[in-house]
Every structure is written in C-alpha cells, then in structure tokens.
Amino acid sequence: MKKQSMERKSRTSTDRGKRKNREFAVVTYFFVGMFMMMMGYFAYFQVFLSEDFINSPYNTRQNTFAEHVVRGEVRSADGKTLAQTIVGGDGGETRYYPYGPMFAHAVGYDSNGKSGIESFGNFSLLRSHAFFLEQVLNGIQNQKNQGDNIVSTLNYSLQETAYQALGDRRGAVVVLEPSTGKILAMVSKPDFDPNTIKAEWDRIISDTDSENSVLVNRATQGLYPPGSTFKILTTLEYIKEHPDYQSYSYECTGSIGMEHTEIHCYGNAVHGVEDLETSFAKSCNTSYANIGLGLDKKAFKQLCSNMLFQKDLPIQYPSNRSSFVLKESSNTDEVTQTAIGQGETLVTPMHMAMVTSAIANNGVLMRPYVIDHTENYKGVEVKSYKPSQYGSLLTEEEAAKLQKFMSMVVSEGTGSKLNGQSYQAAGKTGSAEFSSNKSESHAWFTGYASMEGKGTVAITVIVEKGGAGSSVAVPIAKQVFDRYFNQS
C-alpha cells in the first residue's frame with residue numbers, strides 16, 4: 001500500500017510537472033509569436049508604410065528635416081525649374097516659384113502650410129542622397145545638405161498653353177496621358193502667386209466670396225453639373241441594356257414636356273429624326289431625356305458607381321467625390337435631368353478626364369500620378385514611379401463603341417472645330433446650366449486626340465459661365481492638342 005501511495009504521488013508530481021512545462025511552453029510560444037509578428041510588421045512598416053507616415057502633413061518630424069537639409073527643387077518633365085530654394089549670404093532661405101501662378105495648384109506652396117507637390121512630395125524634398133562623405137563633411141562644418149529634387153510629369157509647354165488659353169476666365173484644364181496616367185498639365189483659375197502667398201494669406205482666407213476661392217483646386221475639388229458630357233455614361237448604359245441600340249430612332253422637335261418642367265435642346269435647335277449616334281453627336285437633350293426614361297435606374301446607378309461616382313479618386317491631390325443621386329423612387333423630372341447631366345449630378349474635371357482617359361485606353365484606367373522620379377542634386381536617380389493600373393472601368397468592346405460615338409462629335413457634330421487636323425480627335429461637348437433661371441451655363445469639353453508616333457493625350461476643359469462648350473471649351477482643347485502634337 002505504501003509503495004502504491006508513493007507511486008501515485010510520483011505520477012501526480014510528474015503530471016504536475018508536465019502541466020507546468022506545457023503552460024510554460026504555451027506562454028513562451030505566445031511571446032515568441034508576438035515578437036515575430038512585431039518584427040514582421042516593423043519590417044513591413046519600414047518597407048511599405050514608413051514614407052507615408054513620415055510624409056504625412058500631421059507628422060511634426062518633418063520640421064526637423066529642414067534644420068539639416070535645404071529643400072530640393074521641383075522640375076517639369078521637360079527640364080524647367082518650377083520651385084527652388086534660394087539661400088542668401090546670411091544663410092536665409094526663400095522658396096521661389098519662377099513661373100508664379102502658372103503652376104500654383106499643381107506644384108502648390110510651402111508657407112502657411114503646404115499644398116500640391118510641395119505637400120505630398122515633402123519627404124522627398126527634405127531628404128538628401130548626396131554622397132555620404134559630403135554629408136559627413138557638411139555635418140562637421142555645421143552646414144546643410146542639399147535635398148533631393150522631384151522631377152514631375154508636368155509638361156511646361158502644355159501647362160503654359162492651357163494656362164494662357166483659359167485666360168482670365170474661371171475654370172480648369174486637366175491633361176492626362178491615357179496609356180500611363182501621367183498628369184501632363186493641370187490648371188485652375190482663379191489662382192494665386194505662391195511667391196507672395198505668405199504676405200497675402202490673411203486677405204486670401206478672409207475673402208468670403210466663394211467665386212474667388214483661389215486656394216481651391218478646381219481641377220480636383222470643383223464640383224460642377226457635367227451637362228452633356230454626362231451623355232457619355234447615359235449612352236453606355238443604354239448600349240448595355242439595348243444590344244440593338246443601332247435601331248434607336250427619335251424625332252426631335254426641339255423640346256419635350258415632363259411632369260413639371262420642359263426640356264429644350266441647346267439654343268432651341270430642332271434636330272429632326274435621329275439615331276443614337278446622331279443624337280450623341282448633336283447633343284440632343286430631348287432625345288437623351290427620352291432615353292433616360294427607359295433606363296433601369298438601379299443598373300444606371302451601378303454603372304456610375306463603377307465609373308467612380310460617390311468614390312474617392314485614386315489621386316494624391318485632395319479631391320471631392322462626384323455625386324450621382326438617382327434612386328428607384330426618383331420621379332420623371334429627376335430621371336430626365338440626370339440623363340442629360342443636369343439635376344443633382346455633380347462631377348470634378350479630373351474625374352471626367354479619368355473617364356475619358358479610360359475610354360481612350362480601351363477601357364483601362366491608369367492611376368493618375370504627377371511625380372515621375374526623384375534624384376539627388378547632382379542628377380542621380382533615387383526613386384522612380386512607374387505607371388500602374390487602377391482597373392477596367394468598361395470593357396474593350398464598350399470603349400470601342402464610345403470611341404466611335406465621340407469621333408462622330410468631331411466629324412459631324414458639336415466638336416467640329418477639331419475636325420481636319422493633323423491628329424485624330426474625339427470627345428464630347430457640354431453646356432451645363434447652373435443658375436436657378438437657367439440663363440447661365442458652364443462650358444465643357446472632354447476628349448482625346450491621337451497621332452501615329454506621338455501617342456494619345458486626353459483633356460477635360462471647363463469654363464465657368466462660358467456658355468456653349470463647342471464655342472468656348474473646344475478651342476481651348478484645340479490649342480493644347482496643337483501644342484502637344486506639334487512640339488518637337
């Protein structure tokens with residue numbers, strides 16, 4: 001009995017030891033696992049996230065970089081210096097923008113906060129990849145290192161052309177390269193001079209007139225009724241719902257009555273009997289109001305969602321969401337107004353440029369980007385940014401159909417000022433009413449042009465209170481196309 005009792009005690013003691021060993025092993029493995037996860041996340045953070053956190057405008061660590069580095073330059077793709085830091089004899093630094101307001105919204109400013117490339121490229125401009133011995137020597141001598149330079153995708157000649165073509169009118173111009181997503185030009189007016197913004201800051205922010213909001217980048221933040229440019233999406237939805245779209249026929253008498261309103265074609269034009277292509281080319285409001293009445297509202301909403309409505313745009317610049325508010329319960333007036341790009345539908349010029357770019361690129365949207373690469377002050381490349389796909393907004397077959405429709409706008413419709421050029425152009429004009437009495441309208445054009453050996457370029461133009469897109473916005477686009485395809 002005594003022996004059995006001792007054996008039981010021995011087994012109990014052994015079991016307790018095993019349990020303690022298991023518990024110890026579980027705790028050990030748990031902490032080892034936690035440590036490995038932390039190390040893995042640290043490595044991931046260093047490789048993928050650290051630059052985003054450091055470059056955040058809320059990260060005060062950036063301020064310490066300026067104590068040791070002279071801010072680098074921002075340059076255009078064609079070699080122009082767009083922003084630089086001038087160091088005086090007393091060591092004082094002044095940020096200088098050689099072209100003043102021309103690149104104000106694209107490049108941004110670096111006082112009283114930051115905007116544009118100066119903001120989201122801040123980290124790159126405040127770090128130096130000068131030769132390490134040079135950096136050591138500068139540290140010993142208590143001198144600053146020269147920061148890296150940003151080479152942008154902006155094309156000086158196109159920016160200058162767009163800026164001058166828009167003149168003293170309010171509005172925006174966006175120019176993209178569809179095959180890559182490069183932002184070639186981005187103009188917004190009214191503008192400001194980044195060289196004097198610090199002195200004028202109080203006046204600028206105290207201006208309560210919304211029309212004079214010079215700090216607003218109208219290209220990415222301006223929300224406008226798209227007018228007839230939206231007929232691109234109405235057409236796409238009709239084609240998706242009606243494979244026999246080529247048999248569409250409508251007789252335009254110049255107006256069509258709704259429940260509470262009457263829709264007129266621009267200038268009270270009477271277009272007569274039209275098929276779908278002619279309705280699009282002539283931008284017939286009454287035909288598109290008729291088309292809108294037969295569309296599946298749920299499917300139309302889904303298409304616009306796929307086209308980035310109600311979504312954040314995949315760009316680095318601050319932007320507003322475009323809105324599409326048509327619902328199953330929307331009445332006849334709301335449906336017809338939406339179909340012609342009026343009502344509560346709102347869009348940014350950048351958004352329209354991206355939709356147009358995807359159509360020109362056979363349905364694939366490339367992410368718009370404006371920083372091509374960074375390099376040290378001696379021109380040695382530090383980091384390169386490559387084109388990347390956002391995704392397919394429409395199929396290649398759908399894109400081909402819209403390309404044909406948009407080509408007819410130039411060959412037979414409201415975009416005829418672009419016909420007969422050395423390049424092949426396509427697009428859609430728009431005149432978007434915005435005043436309560438419908439007496440004023442914004443002028444739109446969105447389109448693209450191609451030439452063998454020169455590629456394709458897409459553009460969106462809006463001129464606030466400009467009137468007809470065909471007579472105001474199209475000539476601006478033409479000047480930019482001419483410059484692009486005729487420059488060496």
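Is Phe 131 buried or exposed? In this predicted model, Phe 131 is exposed, because its relative accessible area of 51% lies above the 50% cut-off. The chain as a whole has 488 residues, of which 50% count as buried, and its secondary structure comes to 17 helices and 19 strands. The points below take up the surface, a mixed sheet and a set of salt bridges.

**Overall fold and surface**

- The accessible surface of the chain comes to about 23,300 Å², and carbon and sulfur atoms account for 51% of that area.
- Among contacts in the chain with a separation of 6 or more, 68% are made by residues that stand 24 or more positions apart.
- Phe 131 is found in the loop between helix 5 (122–125) and helix 6 (132–140), and together with Phe 132, Leu 133, Val 136 and Ile 140 it makes a nonpolar surface patch of about 560 Å².

**The six-stranded sheet**

- Six strands form an open sheet with mixed pairing, and their order is 4-3-2-6-14-15.
- Strand 4 (93–96) and strand 15 (381–384) stand at the edges of this sheet, and each has a single partner strand, so one side of each is left without a neighbour in the sheet.
- Strand 3 (residues 81–87) pairs with strand 4 in the antiparallel sense over four bridges, and within this part of the sheet Ile 86 stands opposite Thr 94 in strand 4.
- In general, the strands of a sheet pair through backbone hydrogen bonds, in either a parallel or an antiparallel sense.

**Salt bridges between distant parts of the chain**

- The count of salt bridges in the model comes to 16, and three of them, described below, are Arg 71 with Asp 110, Glu 93 with Lys 144 and Glu 277 with Lys 404.
- Arg 71 forms a salt bridge with Asp 110, in which the closest N and O atoms are 3.6 Å apart; the pair links parts of the chain that are 39 residues apart, with Arg 71 in the loop between strand 1 (69–70) and strand 2 (74–75) and Asp 110 in the loop between helix 3 (104–107) and helix 4 (116–120).
- Arg 71 is buried, with a relative accessible area of 5%, whereas Asp 110 is partly exposed, with a relative accessible area of 23%.
- Glu 93 forms a salt bridge with Lys 144, and here the closest N and O atoms are 2.8 Å apart; Glu 93 lies in strand 4 and Lys 144 in the loop between helix 6 and strand 5 (145–146), so the pair ties together parts that are 51 residues apart in sequence.
- Glu 93 is partly exposed, with a relative accessible area of 36%, and Lys 144 also counts as partly exposed, at 32% relative accessibility.
- Glu 277 forms a salt bridge with Lys 404, with the closest N and O atoms 3.5 Å apart; the pair links distant parts of the chain, since Glu 277 is in helix 11 (residues 276–281) and Lys 404 is in helix 16 (residues 396–412), 127 residues apart.
- Glu 277 counts as buried, at 16% relative accessibility, while Lys 404 is partly exposed, with a relative accessible area of 46%.
- Salt bridges that share partners join Arg 71, Arg 95, Asp 110, Lys 114 and Glu 118 into one network.

Conventions: Residues are numbered from 1 along each chain as its sequence is written. This is a predicted model: local features need pLDDT of at least 70, side-chain atom pairs count only at pLDDT 80 or more; totals for chains, interfaces and linings use all residues. Side-chain values use heavy atoms; hydrogens and water are left out. Patches are made of residues with over 30% relative accessible area and no salt bridge: like charges are joined within 9 Å, nonpolar side chains (Val, Leu, Ile, Met, Phe, Trp, Tyr) within 5 Å. Accessible areas come from the Shrake-Rupley method with a 1.4 Å probe; for residues, only the protein chains shown count as cover. A salt bridge is a side-chain nitrogen of Lys or Arg within 4 Å of a carboxyl oxygen of Asp or Glu. Helices (H or I, at least four residues) and strands (E, at least two) are DSSP runs, numbered from the N terminus. Buried means under 20% relative accessible area, exposed over 50%, partly exposed in between (1.4 Å probe, protein chains only). Two strands pair if DSSP finds at least two bridges between them. Contact means heavy atoms within 4.5 Å.
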